[in-house]
Amino acid sequence: MDKHTRHALGIALLATLTLATAACSGTGGGSGGTHDRAAGANPAAATNGKAVGGAPAKGGTLHVLSNQDFTHLDPARNWVVGDMDFGTRLLYRTLLTYRAEPGTKGGELTTDLAEDLGTPSNGAKTWTFRLKSGLRYEDGSPVTAQDVKYNVERSFSPELPGGPDYAARYLAGAEGYQGPAGGKHLASIRTPDSRTIVFELRKPFAEFNYATVLPTFAPVPAAQDKGPQYDNRPFSSGPYKIESYARDKQLVLVRNPHWDQNTDTVRKAYPDRIVVTMGLKANQIDDRLVSATGPDASAVPWDKLRPESTPKVLTKPDIRARLLAESTNCTEMVQMHTGRAPFDDVRVRRAVQYALDRDAVLTASGGPALNDPATALMPGSLFTGGKQPDTLKIPLTGDPEKAKQLLKEAGKPNGFTTRITVSNGDKSVAEAVQQSLGRAGITVVIETVDPSAFYDTIGDTKNRTDLVYTGWCPDYPSGSTFLPFVFDGRYIKEKGNSGNHSLFRDAPTMKRMDEIAALTDQAAANKAWQELDGQILAKAPTMPVVVERRPLLVGPNIAGAYGHTSFGGQLDYATVGLKDPSKSTR
């Protein structure tokens, strides 16, 4: 899934931060030349796999302080990690979901709309799910298998770009399908009755049930569909419904009276009301949560703590006790437009890999206490031993002389000028990229975009810049959810393009992806994905930079809070609530 990049980052007060966290930094210290850094210790000493604040009580108002609007809440378009967490934990349910637990248990599948984890047949080319009884929408009408089918079909609609494309990749007969407009339906999705849905795949896919945790597999009644406007008012099958939504200002959720706890083992729905206040400045959010007075005591942040705010938190035990810092399990990358000169030349792309000072980017991202340098494409969780290999063996601070040599070989001895797009708050990261590439003679012009428009902007393949800074998170623990989505050129879209922001179209790579996907031996497949990771990186469509933690400071009246490993370290909204609801305000 796409990961929103950081917002409002600045240069951290690294000495204070490092002393406060005692983070491991290996023999490389804080500066370059080595990859022998240990993974940073979790600065959230109070968590250690447990929820902050103990068990919540029922009731009260949970406040969410945000610097941005959602990218999409329409389940057909929702494929940004934080939005997926919010949407699938609060507003709509999916066939399956992840367990609501901290740590590695949060990566385990459990039932949601479906009664069990799905039944494969026909060599895993057919998957059958049976819905639970008693599932209701916010108006009391029943959730049906036909509604799940309809939302999967509408995810193909050209007017609804940006969502997960597992259905397009795997469903039989999906080529050229444009959605259910005009009564056109996919024969590969059958609904024999109102509670049974059957998916026919074009090839075996033993992990297909993992894909059904995605918002694509949430129900949408055809009568409620309003095309692109559905983004403003999704029809609830979850524990909350939308009371009001003023874009870029405020979203208010209230209880869905027809949600039945007896059908839902995951969502606890502790608060009576959830208010998301948008458009706040990131430093304002941090300061409010550090002080945590009045309603802010019952508040959580949408975005991560800024690096420059960490000393205010880590040096004060009572505040640090409210800090979450789960690994995002996402790799941040500088992706290069491989279909446009000069980046259609692998020597130019390799020059960027060598010129990039990842240590400077890591510092701009919060330093070694909150980030680990990336040495591969997939995160360490997808490699044997849980650690990324160092495939390229480029010094952490880069090698600008080697970069200049590669540019000279490519006919660019004097360098060139290019542009990079980053989310608004990533300007300090972009400046680190700018400065490091400048050492090799590459002039980088920075273009910043509002976070809520970021993925739509870089997903416009005709008009986007040569470089983008973004990340990717595996949807579940398999290389099949990372490399194909970031590097398979057959699924590049002109608008709403996701994942493959390098626009990489390499026939041998795509052929190898198909061969690995056909493997029935999971261990062999895992080994093959790991090998392919290095092969792709050698072709230089991108340069991995960091794997982050997600530091989130919650208010002192918050309970049941932890970063969920399957949602990029974002707060799990299925379980969060208040210690004392009477202390919250509307």
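Q: What share of the contacts in the protein with a separation of 6 or more comes from residues 24 or more positions apart?
A: The share is 75%. A contact here is a pair of residues with heavy atoms within 4.5 Å of each other. Keep in mind that what you see above is a predicted model.

Q: What makes the protein as compact as a globular protein of its length?
A: Start with the parts: the protein has 16 helices and 20 strands. The radius of gyration is 23 Å, and the globule rule gives 25 Å for 586 residues; the two values are close, so the protein is as compact as a globular protein of that length. For a feel of its extent, the C-alpha trace spans about 65 × 55 × 40 Å along its principal axes.

Q: How many of the 586 residues of the protein count as buried?
A: A residue is called buried when its relative accessible area is under 20%, and 63% of the 586 residues count as such. The protein exposes about 20,000 Å² in total, with carbon and sulfur atoms supplying 51% of that area.

Q: How far apart are the mean positions of the positive and negative charges of the protein?
A: They are 1 Å apart, taken over 68 positive and 64 negative charges.

Q: Why is Gly 479 called buried or exposed, and which word is right?
A: Its relative accessibility is 5%, and the cut-off for buried is under 20%, so Gly 479 counts as buried. You can find Gly 479 in the loop between β17 (467-472) and α14. Beyond its neighbours within four places in sequence, Gly 479 is in contact with Met 378, Leu 382, Pro 484 and Trp 529.

Q: What do we find when we look at α16, and how do you know that its length fits a helix?
A: Helix α16 runs over residues 522-539, which makes 18 residues. From first C-alpha to last, α16 reaches 26 Å, close to the 26 Å expected at 1.5 Å a residue. Among its buried residues are Trp 529, Leu 532, Ile 536 and Leu 537. The buried residues of α16 pack against α9 (346-355), α14 (483-487), α15 (507-517) and β18 (542-553).

Q: Which elements help to cover the buried residues of α12?
A: The cover includes β13, α9, α10 (358-364), β15 (416-423), β16 (442-449) and β17. The buried residues of α12 are Ser 428, Val 429, Ala 430, Ala 432, Val 433, Ser 436 and Leu 437. As for length, α12 (residues 427-438) has 12 residues and reaches 16 Å, close to the 16 Å expected.

Q: Why is Asn 232 given its exposure class?
A: The relative accessible area of Asn 232 is 28%, and the class between 20% and 50% is partly exposed, so Asn 232 is partly exposed. Asn 232 sits in the loop between α5 (208-211) and β9 (240-246). Not counting residues up to four places away in sequence, Asn 232 touches Ile 242, Tyr 245 and Arg 247.

Q: What makes Gly 54 buried, partly exposed or exposed?
A: Gly 54 has a relative accessible area of 41%; that value lies between 20% and 50%, so Gly 54 is partly exposed. The loop between α1 (14-21) and β2 (61-65) holds Gly 54. Leaving aside neighbours within four places in sequence, Gly 54 is in contact with Ala 559 and Gly 560.

Q: What makes the phi of Asp 248 worth a look?
A: Most residues other than glycine have a negative phi. Asp 248 is a residue other than glycine, yet its phi is positive, near 70°. Asp 248 lies in the loop between β9 and β10 (250-255). At 46% relative accessibility, Asp 248 counts as partly exposed.

Q: Where does Asn 329 lie?
A: Asn 329 lies in strand β13. The phi of Asn 329 is also positive, near 60°.

Q: Why is the peptide bond from Ala 341 to Pro 342 called cis or trans, and which is it?
A: Most peptide bonds are trans. The bond from Ala 341 to Pro 342 has omega near 5° and is cis. Pro 342 is in the loop between β13 (323-336) and α9.

Methods. Residues numbered from 1 in each chain as written. Predicted model: local features only at pLDDT ≥ 70, side-chain atom pairs only at ≥ 80, totals over all residues. Heavy atoms only, no water. Helix = DSSP H or I, 4+ residues; strand = E, 2+ residues; numbered from the N terminus. Rg over C-alpha atoms; globule rule 2.2 N^0.38 Å. Buried < 20%, exposed > 50% of the residue type's maximum accessible area, 1.4 Å probe, protein only. Areas by Shrake-Rupley, 256 points an atom, 1.4 Å probe, with all protein chains shown as cover. Lys, Arg positive; Asp, Glu negative; His and termini not counted. Charge placed at Lys NZ, Arg CZ, Asp CG, Glu CD. Expected span 1.5 Å × (residues − 1).
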